[in-house]
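Biologist: Could you take me on a close look at the place where the ligand sits? I would love to hear what surrounds it, and then what lies further into the protein.

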Amino acid sequence: MEIIIANESHFKYAKIISDTISESAKVRGTGIAQRTPEYIIKRLENGNAVIALEGDQFAGFCYIEVWGHKKFVANSGLIVHPDFRNQGLAKKIKKAIFELSKQKFPDAKIFGITTGLAVMKMNYELGYKPVTFSELTEDPAFWKGCQTCKNFDVLTRTDQKMCLCTGMLYDPVAAKSEEKKVNAKSFKRLKSIKEHLFLKRKNK
Ligand SMILES: CC(C)(COP(=O)(O)OP(=O)(O)OC[C@H]1O[C@@H](n2cnc3c(N)ncnc32)[C@H](O)[C@@H]1OP(=O)(O)O)[C@@H](O)C(=O)NCCC(=O)NCCS
């Protein structure tokens with residue numbers, strides 16, 4: 001299995017990606033935004049998507065979208081073909097698109113909205129935090145993407161303040177300061193262990 005940054009040579013997979021998303025939405029019965037093959041092609045050509053292939057066979061896909069003048073990016077459209085599910089592939093794709101997002105847009109907050117437990121779990125492991133929609137992009141083009149979801153009426157009724165999806169956000173600034181705190185804590189702990197051992201030896 002290979003997970004690679006998509007390019008023009010992958011246009012031939014646009015239809016199967018679009019069909020797999022539609023089929024999964026029907027089976028799950030929950031909200032998933034529909035994506036046409038034309039829409040997928042645009043995502044394949046700009047170097048902001050990853051595709052998983054087993055030989056020539058399509059296995060999975062996810063893409064980055066840029067919102068609010070690069071202040072936010074979203075990792076959207078995660079899909080794993082039913083033949084390749086429950087083998088840890090979504091986790092690998094999520095990690096790949098997360099790393100690509102941080103590399104290409106180091107200052108952007110990374111976010112997603114989802115009803116799926118699997119996605120919530122994966123986002124949490126990557127360092128995302130659950131947030132209200134007020135913390136996400138206000139870019140109307142992002143929210144327009146929800147129009148094809150069957151729960152769009154809920155979003156409209158609440159003036160875009162809430163819906164059935166949970167918003168999750170990775171803030172690079174907050175993540176860095178948290179990392180610093182953890183490092184400082186580990187350093188303090190190591191120092192106290194060393195001091196303890198030193199005193200023990202001295203007292204012998
Ligand atoms: C959701 C989806 C991407 C998961 O793909 P996958 O390759 O089977 O997932 P993985 O094997 O990498 O599993 C990742 C984690 O999610 C969990 N998981 C997978 N499917 C799950 C499900 N249906 N319900 C709850 N948890 C699930 C796994 O147990 C694993 O967690 P763990 O590490 O704690 O064990 C895939 O089922 C899919 O494409 N579904 C349809 C589209 C969809 O729902 N996309 C998300 C839109 S928001």
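Modeller: Happy to! A backbone N or O atom of Val80 lies 2.8 Å from an oxygen atom of the ligand. Please keep in mind that this is a predicted model. Asn86 also brings in its backbone, with an N or O atom 2.7 Å from a ligand oxygen. At Gly88, a polar backbone atom is 2.8 Å from an oxygen atom of the ligand. Taken on its own, the ligand has 920 Å² of accessible area, and the protein covers 71% of that.

Now for the shell as a whole. It consists of 19 residues around the ligand, and the closest are Arg28, Val80, Asn86, Gly88 and Lys91. Sorted by class, the shell has 10 nonpolar, 5 polar and 4 charged residues. Helix H1 (14-28), E4, H3 and H4 each give at least two residues to it, and the largest share, 5 residues, comes from H4.

Some of these elements also take part in the protein's interior. The largest nonpolar core has 22 residues, and those with the most contacts inside it are Leu89, Ile93 and Tyr128. At least two of its residues come from each of strand E2 (49-54), strand E3 (57-67), strand E4 (72-80), helix H3 (89-104), helix H4 (117-126) and strand E7 (166-170). Here the largest share, 6 residues, belongs to H3. In soluble globular proteins, nonpolar side chains tend to be buried together.

Tyr128 deserves a moment of its own. Setting aside neighbours within four places in sequence, Tyr128 is in contact with Asn75, Lys94, Phe98, Ile110, Phe111, Gly112, Asn123, Met168, Leu169 and Tyr170. Apart from the largest core lies another core, of 14 residues, with Ile17, Ile40, Leu53 and Phe58 among them.

Let me finish with a polar residue in one of the strands. Ser76 has its place in strand E4, an element that also supplies at least two residues of the ligand shell. Is Ser76 buried or exposed? Its relative accessibility is 13%, so Ser76 counts as buried, because the cut-off for that is under 20%. The side chain of Ser76 makes a polar contact with the side chain of Glu65, at 3.5 Å. Leaving out neighbours within four places in sequence, the contacts of Ser76 are with Cys62, Tyr63 and Glu65.

Conventions. Residues numbered from 1 in each chain as written. Predicted model: local features only at pLDDT ≥ 70, side-chain atom pairs only at ≥ 80, totals over all residues. Heavy atoms only, no water. Core = buried A, V, L, I, M, F, W, Y, C linked by side-chain atoms within 4.5 Å. Buried < 20%, exposed > 50% of the residue type's maximum accessible area, 1.4 Å probe, protein only. Helix = DSSP H or I, 4+ residues; strand = E, 2+ residues; numbered from the N terminus. Contact = heavy atoms within 4.5 Å. Near = heavy atom within 4 Å. Polar contact = N/O pair within 3.5 Å; in protein donor to acceptor, adjacent residues only side chain to side chain. Areas by Shrake-Rupley, 256 points an atom, 1.4 Å probe, with all protein chains shown as cover. Nonpolar A, V, L, I, M, F, W, Y, C, P; charged D, E, K, R; others polar.
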